[in-house]
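Dear colleague,

Please find below the structure that I am handing over to you, together with its sequence. My findings follow directly after it.

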Amino acid sequence: MSGRRRCFPAVFLKTVGILLLLLLAASCLPLTVPRFFGYHIYTVVSGSMEPAIPTGSLVYIREEKPEDIAAEDVIAFYGAADSASIITHRVVENRVVMGEFITRGDANQAPDRNPVPYSRLIGRVERSIPGAGKIAEIFTSPKGKILAGCAVLAAVALQGAGALLESRTGKKCRS
């Protein structure tokens, strides 16, 4: 520093602004960085895979060739050919010759009624984080996006207020 003492209120405001941005960035990392490495990220909304993957978990899916999927792997697939619903179940059997999987949710007593054609496979579940899906839902909802935008604006305002306070107080400010 140039030998002058820093104004504590200004430093405090700037520090809070930086911490707010860091907190926002850190909470978004699990939702963004894995996508750069080829993962699909989904939130589990039903209890069919409990207790292994509880409702509200965030699951990370890696694309795989259907032939490379083995029994006991957990996969994600589209519920129907024209459906946007995504199901996460365990593979009971991979019928390579027929190009389909027999799946079952861990919480279900019997295998799913309909085999899953290879064309509906998204990939294999590589990791799940219980409870993190609820955080993801917050950030991806319209209210969450507005909240994140407000946090950025608040951080910028705190930085600006700190800089303004520093420039106006000059030597009058005590630390």
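Two strands are taken to pair if DSSP finds at least two bridges between them. By that criterion β5 and β6 pair, in the antiparallel sense, over two bridges. Please note that this is a predicted model.

The sheet

The strands form an open sheet of seven, in the order β1-β2-β7-β3-β4-β5-β6, and their pairing is antiparallel. β1 (39–43) and β6 (116–117) stand at the edges with a single partner strand each, so one side of each has no neighbour in the sheet.

Within this order, β3 (residues 74–78) and β4 (residues 86–95) run antiparallel and are joined by five bridges. One of the residue pairs here is Y78 with its bridge partner I86 in β4. On the other side of the order, β4 is joined to β5 (residues 100–104), again antiparallel, by five bridges. The residue pairs between β4 and β5 include R95 opposite E100, N94 with F101, and V91 with T103. F101 also stands opposite V116 in β6.

β4 and β5 form a hairpin with four residues between them. In the turn, G99 has a positive phi of about 70 degrees.

Strand β5 and residue T103

How much of β5 is covered? Four of its five residues are buried, and the strand is mostly covered. T103 lies in this strand. Its relative accessibility is 0%, and T103 therefore counts as buried, the cut-off being under 20% relative accessible area. The side chains of T103 and D112 are joined by a polar contact of 2.5 Å. Apart from neighbours within four places in sequence, T103 is in contact with I75, F77, H89, R90, V91, V92, P111, D112 and V116.

Residue R90

Is R90, an arginine in strand β4, buried or exposed? With a relative accessible area of 18%, R90 is buried, because the cut-off for that class is under 20%. A polar atom of the R90 side chain lies 2.8 Å from the backbone oxygen of E72. If residues up to four places away in sequence are not counted, R90 touches M49, A52, E72, D73, V74, I102, T103, R104 and D106.

Residue Y42

At one edge of the sheet, Y42 lies in strand β1. Leaving aside neighbours within four places in sequence, the contacts of Y42 are S57, L58, V59, I61, I86 and I122. I86 is also the bridge partner of Y78. Y42 and P54 are twelve residues apart in sequence, and their C-alpha atoms are 13 Å apart in space.

A nonpolar surface patch

Which residues form a nonpolar patch on the surface? They are L29, V33, F36 and F37, which together have about 460 Å² of accessible area. F36 is found in helix α1 (residues 8–36). With a relative accessible area of 71%, F36 is exposed, because that class begins over 50%.

In brief, the items to inspect in the viewer are the β4–β5 hairpin, the polar contact between T103 and D112, the buried R90 with E72 beside its side chain, and the surface patch that includes F36.

Yours sincerely

Terms used
Residues are numbered from 1 along each chain as its sequence is written. This is a predicted model: local features need pLDDT of at least 70, side-chain atom pairs count only at pLDDT 80 or more; totals for chains, interfaces and linings use all residues. Side-chain values use heavy atoms; hydrogens and water are left out. Patches are made of residues with over 30% relative accessible area and no salt bridge: like charges are joined within 9 Å, nonpolar side chains (Val, Leu, Ile, Met, Phe, Trp, Tyr) within 5 Å. Accessible areas come from the Shrake-Rupley method with a 1.4 Å probe; for residues, only the protein chains shown count as cover. A salt bridge is a side-chain nitrogen of Lys or Arg within 4 Å of a carboxyl oxygen of Asp or Glu. Buried means under 20% relative accessible area, exposed over 50%, partly exposed in between (1.4 Å probe, protein chains only). A polar contact is a pair of N or O atoms within 3.5 Å; within protein, one must be able to donate a hydrogen and the other to accept it, and residues adjacent in sequence count only if both atoms are side-chain atoms. Contact means heavy atoms within 4.5 Å.
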